[in-house]
Amino acid sequence: MDLLIRLCADGLVVVIFIIAMVSFALKIPRDQWWSWGWRIVLGGLTAYLLAKIAGHFFQPETLRPFEKLGVSPKAAFLPNPGFPSDHVLFATFLSLAVWFSTKQKKLAITLLTLTVIMGVARVLALVHTPLDVIGGFLIGCTSIVWYRRSSKNVVQ
């Protein structure tokens, strides 16, 4: 069970990244790569910057769950209090980028489902609280501001 939790908590972010990159490469027409590329990068940077600001001003817990319990973590983590979850933030941002840039809604929903599974696994791995995961998801959603496009340039 611990191996499954670790695979989901740490490995799904890699799976989501690879699927997103392949989707971008195959479904965004070459003449729109630059247009979508800068939007996706700015979306990710915006979400990341907001996460760092939020984490600086709001840190509901100073210790991660495994530290409070005095046990070993079951997944990788950075040496910080943990709000918001960077894994969930990154996966959410990529899922939404796929949704808006490629119009592959079913694939994006699949990626968002994998993001939820990863978030739950990170809580089960004791490296995040549910609030850390929810915060990562909500802040990851801020990337949407860069994905609004005029109808003439939308990928079909």
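Begin with the contacts across the whole chain: of those in the protein with a separation of 6 or more, 82% are between residues 24 or more positions apart. Keep in mind during this tour that the model is predicted.

**The whole chain**

Show the protein as a cartoon and colour it by secondary structure. Six helices and zero strands appear. Followed from the N terminus, the order of elements reads α-α-α-α-α-α.

Next, reduce the display to the C-alpha trace and turn it. Along the principal axes, this trace spans about 55 × 35 × 20 Å. How does the radius of gyration of the protein compare with that of a compact globule? A compact globule of 156 residues would have a value near 15 Å, and the protein has 16 Å, so the two agree.

**The surface and the charges**

Switch on the molecular surface. The protein exposes about 8600 Å², and 72% of this area is supplied by carbon and sulfur atoms. Among the 156 residues, 42% count as buried.

Now select the charged side chains, with one colour for each sign. There are 15 positive and 7 negative side chains. The centres of these two sets lie 15 Å apart.

**Two cysteines**

Select C8 and then C141. Is C8 buried or exposed? The relative accessible area of C8 is 18%, and because buried means under 20%, C8 is buried. C141 has 24% relative accessibility and therefore counts as partly exposed, since that class lies between the 20% and 50% limits. A search for disulfides anywhere in the structure finds zero.

**T129, in a loop**

Move to T129, which is placed in the loop between α5 (105-124) and α6 (130-140). With a relative accessibility of 18%, T129 counts as buried. Which residues does T129 touch, when those up to four places away in sequence are not counted? They are E61, P65 and V123. Display these side chains together with T129 to view the contacts.

**W33, in a helix**

Finally, select W33, which is found in helix α2, residues 33-57. W33 has 36% relative accessibility, so this residue counts as partly exposed. Add F24, A25 and I28 to the selection: W33 is in contact with these residues, leaving aside its neighbours within four places in sequence.

For a last step, draw a distance line from the C-alpha atom of W33 to that of V98. What separation do these atoms have? They are separated by 13 Å, while W33 and V98 stand 65 residues apart along the chain.

Notes
Residues are numbered from 1 along each chain as its sequence is written. This is a predicted model: local features need pLDDT of at least 70, side-chain atom pairs count only at pLDDT 80 or more; totals for chains, interfaces and linings use all residues. Side-chain values use heavy atoms; hydrogens and water are left out. Helices (H or I, at least four residues) and strands (E, at least two) are DSSP runs, numbered from the N terminus. The radius of gyration is taken over C-alpha atoms; the globule rule is 2.2 Å times the number of residues to the power 0.38. Buried means under 20% relative accessible area, exposed over 50%, partly exposed in between (1.4 Å probe, protein chains only). Contact means heavy atoms within 4.5 Å. Accessible areas come from the Shrake-Rupley method with a 1.4 Å probe; for residues, only the protein chains shown count as cover. Lys and Arg count as positive and Asp and Glu as negative; His and the chain ends are not counted. The place of a charge is taken as NZ of Lys, CZ of Arg, CG of Asp or CD of Glu. A disulfide is a pair of cysteine sulfur atoms within 2.5 Å.
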